[in-house]
Amino acid sequence: MLLAVPVDSCCAPSEADEASRVAATPSARRLRARTVTKRYDARLAAVRLRATQLTLLSAITLRTELNESDLADVLGIEQSALSRNLALLKRRRLVRVVRAG
């Protein structure tokens, strides 16, 4: 038995498909990322950390051999942002700089 179904009713994008496409736009992804970051920041406030600093601490723990420039590249952040966050972590004595040599 052959069932004939009009093409536009089975293959046309649904509202869910359209919503998914819109949600995948760069601005929607940035908005979701900021929302997630705010939630992490709220939870980390009790230990006086921000999500960016937690990411930095994790990267340092996993990749102790990296210099600051390489660490900025690995994290995909500007050197100035890395320096600012490292300074905060150094002041709190959560990290220390060890000179290679």
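The accessible surface of the chain comes to about 8400 Å², and carbon and sulfur atoms account for 57% of that area. The model behind this value is a predicted one. The chain has 101 residues, and 18% of them are buried. As for secondary structure, the chain holds six helices and zero strands. Read from the N terminus, then, the order of elements is simply α-α-α-α-α-α. Contacts give another view of the fold: taking those between residues at least 6 apart in sequence, 36% join residues at least 24 apart.

Helix H3 is a good place to start looking around. This helix covers residues 26-44, and Lys-38 is one of the residues in it. Lys-38 counts as exposed because its relative accessible area is 63%, and the cut-off for exposed is over 50%. Lys-38 also takes part in a positive surface patch, together with Arg-29, Arg-30, Arg-32 and Arg-34.

Tyr-40 sits in helix H3 as well. With a relative accessible area of 47%, Tyr-40 is partly exposed. Here the surface takes on another character: Tyr-40 joins Val-36 and Leu-54 in a nonpolar patch of about 260 Å². Leu-54 comes from helix H4, and at 32% relative accessibility Leu-54 is partly exposed too. Tyr-40 can also be placed relative to Thr-52, which lies 12 residues away along the chain; their C-alpha atoms are separated by 9.4 Å.

Helix H4 spans residues 51-62 and includes Gln-53. Is Gln-53 buried or exposed? Its relative accessible area is 6%, and since buried means under 20%, Gln-53 is buried. What does Gln-53 touch, once neighbours within four places in sequence are set aside? The contacts are with Arg-48, Asn-85, Leu-88 and Leu-89. Helix H6 runs over residues 79-91, so three of these partners can be looked for along that stretch of the model.The remaining partner, Arg-48, belongs to the loop between H3 and H4. At 58% relative accessibility, Arg-48 counts as exposed, whereas Gln-53 is buried. The backbone of Arg-48 is worth a look too, with a phi near 55°, a positive value in a residue other than glycine. Most residues other than glycine have a negative phi. A positive phi also turns up at Arg-93, at about 60°, although this residue is not a glycine. Arg-93 is placed in the segment after H6, and its relative accessible area of 77% makes it exposed.

Turning to charge pairs, the count of salt bridges comes to two. One of them links Arg-50 with Asp-41, and here the closest N and O atoms are 3.0 Å apart. Asp-41 is buried, at a relative accessible area of 15%, while Arg-50 is partly exposed, at 49%. The other pairs Arg-63 with Glu-65, with the closest N and O atoms 3.3 Å apart. In this pair Glu-65 is exposed, with a relative accessible area of 57%, and Arg-63 is partly exposed, at 37% relative accessibility.

Back in helix H6, Ser-83 is one of the residues to pick out. Ser-83 has a relative accessibility of 32% and counts as partly exposed. How far apart in space are Ser-83 and Glu-68? From C-alpha to C-alpha they are 8.0 Å apart, with their positions 15 residues apart in sequence as the separation along the chain.

Notes. Residues are numbered from 1 along each chain as its sequence is written. This is a predicted model: local features need pLDDT of at least 70, side-chain atom pairs count only at pLDDT 80 or more; totals for chains, interfaces and linings use all residues. Side-chain values use heavy atoms; hydrogens and water are left out. Patches are made of residues with over 30% relative accessible area and no salt bridge: like charges are joined within 9 Å, nonpolar side chains (Val, Leu, Ile, Met, Phe, Trp, Tyr) within 5 Å. Accessible areas come from the Shrake-Rupley method with a 1.4 Å probe; for residues, only the protein chains shown count as cover. A salt bridge is a side-chain nitrogen of Lys or Arg within 4 Å of a carboxyl oxygen of Asp or Glu. Lys and Arg count as positive and Asp and Glu as negative; His and the chain ends are not counted. The place of a charge is taken as NZ of Lys, CZ of Arg, CG of Asp or CD of Glu. Helices (H or I, at least four residues) and strands (E, at least two) are DSSP runs, numbered from the N terminus. Buried means under 20% relative accessible area, exposed over 50%, partly exposed in between (1.4 Å probe, protein chains only). Contact means heavy atoms within 4.5 Å.
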